[in-house]
Amino acid sequence: MEDKWLKEYGNVFVWYFGCMQSITVKDQDILKAVLIKDFSQFCNRKLLDTSPSPLDKGIFFLRDTDWKRVRSIMNPTFSSSKLRTMSDDINKCARNLAENLLRCTEIDESIEIKDYYGAFTIDVISMTAFGLDVDSQRNSDNQLIHHMKKIFNNASVPIPVFLCAIFGDWMMTLLKYLKICFYPRDSMEFFNREVRMMIEERKRNPTNRTDFLQLMIKASLEIPDANANEKAERKMLSTDEIIGQAFLFFLAGYETTASLLSFTAYEMVCNPDVQDRIYEEIVEQLGDEEPTYDNIGKLKYMELVLNETLRLYPTLSRINREAAKTIEINGVTIPKGSAVTIPIRALHQDPETYPEPTLFKPERFIDFKPNQNNINFLPFGHGPRMCIGMRLALMEAKIAVTHVLRHVRFVQAIDTEIPITLKDMGLTVPKTPIRLKVKPRKA
């Protein structure tokens, strides 16, 4: 529908979702203004969300000064030095993943690849965020894993969103008061309770680990200057805010990386020469070395493949920003409170930017360099509010692909859907799960 409207009405058009006005913008200059130049007027997302506290304290949902404060506290958590310390944990999870897939070569059947990558990403998040070695790839009975999978698979978004869109902010307030949530109530209560217990235990018995939970607890324990004003004293994380970030790590970290790896595997099946070239690069550049934050930068071709996968299959097909006041940009008036919708998938498949946009061509990123000035490549958003975990997700993906391709190769199965069809929704999801076969790697 969005593609049809862009062709019919041009790069800027107004539409309504219930009582919410939205302006879809594909115009490059306006997008640069919204996401970067005039960011101060568009720093919030326009969300129809009924998530109760403390889930609504996640950085994705926060607004204005709360968002700025939490973002500034969280930024060092994803610094180069912190990411380096996570390589060992990610490698451990990736080795388990590779061994798990190698066992699948013993049976002549297709597998649902996201099940394996999803378990891998849950393991990575559990270790890097909480220091928990849950090994969901071989231990699916773990209670945390049970509830997180229940949250991922049973989110009931449509009805609450529809009601909020039709009746407006007062309906959102009512649904929050009634604690009607997108996610299963028992699983959310379990997650809230378990993380709160972990926080209390860490405060009683500090650890030398540098996982996300410990870094956030450290921020919550910082003692403000006795002479500091109230605003300065708020530069720390509350327990509810820690729980909100923890939940968001699981939710966003799972879907983004598991989807990227699943679609990459699918394209390697469709393009065996791409898969061979990635493997050859791993052999030439790393040999038997363990992939780390520092040496995965040598995997230039793998990076091209991941970028091309993100272009064709961005996790979010669109994002939005809310206008803080009425503003005119390049002759277009954007009223206060309206949502500016950025059609990521449409931008990623614009033939003027990407010739033959439906084809998988990693080489196109040799000359097309994703950077802060490029508004045509937005898999992690853009500007000050772009995804804070981008570098972690890409590091995790490179380490996983390296271990997996050292042991197996992906091949087409009878039930592999080619070409793939995607659901028409906010997330880029295949209509039918991606199925393929794995064969043992023969040097």
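Here is a walk through this predicted model, from its confidence values to its sheets, helices and cores.

Residues are numbered from 1 along each chain as its sequence is written, and side-chain values use heavy atoms, with hydrogens and water left out. Since this is a prediction, local features need pLDDT of at least 70 and side-chain atom pairs count only at pLDDT 80 or more, while totals for chains, interfaces and linings use all residues.

Let us begin with confidence. pLDDT is the predictor's confidence in each residue, from 0 to 100. The protein chain has a mean pLDDT of 85, and 86% of its residues reach 70 or more. Two stretches deserve caution: pLDDT stays under 50 over residues 156-160 and also over residues 162-167. Beyond four places in sequence, the model has six contacts (heavy atoms within 4.5 Å) for residues 156-160 and 17 for residues 162-167. Where pLDDT is low, the predicted coordinates should not be read in detail.

Now for the sheets. Helices (H or I, at least four residues) and strands (E, at least two) are DSSP runs, numbered from the N terminus, and two strands pair if DSSP finds at least two bridges between them. Strands of a sheet pair through backbone hydrogen bonds, either parallel or antiparallel. One open sheet has four strands in the order 1-2-7-4, with mixed pairing. Its edges are strand 1 (12-17) and strand 4, each pairing on one side only. Neighbouring strands of this sheet are turned by 30° against each other on average, direction ignored.

Strand 7 (residues 339-342) is a good place to pause. Strand 2 (residues 20-25) runs parallel to strand 7 and is joined to it by three bridges; Ser22 has Ala339 as its bridge partner, and Thr24 has Thr341. Strand 4 (residues 319-322) runs antiparallel to strand 7, with four bridges between them, and here Ile319 stands opposite Ile342. Both faces of strand 7 are covered: Ala339 and Thr341 on one side, and Val340 and Ile342 on the other, are all buried. Buried means under 20% relative accessible area, exposed over 50%, and partly exposed in between (1.4 Å probe, protein chains only).

Two helices lie across this sheet. Axes are lines fitted to C-alpha atoms, for helices over the stretch in contact, and angles run from 0 to 180 degrees between N-to-C directions. Helix 1 (residues 2-9) crosses strand 1, strand 2 and strand 7, at about 135° to strand 1. Helix 2 (residues 28-37) lies across strand 1, strand 2, strand 4 and strand 7, at about 115° to strand 7. Leu6 lies in helix 1 and counts as buried because its relative accessibility is 10%. Leaving aside neighbours within four places in sequence, Leu6 is in contact with Asn11, Phe13, Thr24, Lys26, Pro343 and Ala346.

A second open sheet has three strands in the order 3-9-8, with antiparallel pairing. Strand 3 (111-112) and strand 8 (408-411) are its edges, each pairing on one side only. Two bridges join strand 3 to strand 9 (residues 435-440), and Ile111 has Leu436 as its bridge partner. Helix 5 (residues 87-104) lies across strand 3, strand 8 and strand 9, at about 95° to strand 9. Helix 18 (residues 390-407) lies across strand 8 and strand 9, at about 90° to strand 8. In the loop between strand 8 and strand 9 we find Pro419, joined to Ile418 by a cis peptide bond with omega about 0°.

What about the interior? In soluble globular proteins, nonpolar side chains tend to be buried together. A nonpolar core is a set of buried Ala, Val, Leu, Ile, Met, Phe, Trp, Tyr and Cys residues joined through side-chain atoms within 4.5 Å. The largest such core has 101 residues, of which Ile113, Phe120, Phe130, Phe191, Ile278, Phe410 and Leu436 touch the most other members. Helix 13 (residues 239-270) supplies the largest share, 16 residues. A second, separate core of 20 residues includes Val25, Ala33, Val34 and Ile375. Beyond four places in sequence, the contacts of Phe410 include Ile113, Met268, Leu436 and Val438.

Finally, two backbone details. Asp64, in helix 3 (residues 64-74), has a positive phi of about 50° although it is not a glycine. Asn330, in the loop between strand 5 (327-329) and strand 6 (332-334), also has a positive phi of about 50° without being a glycine.
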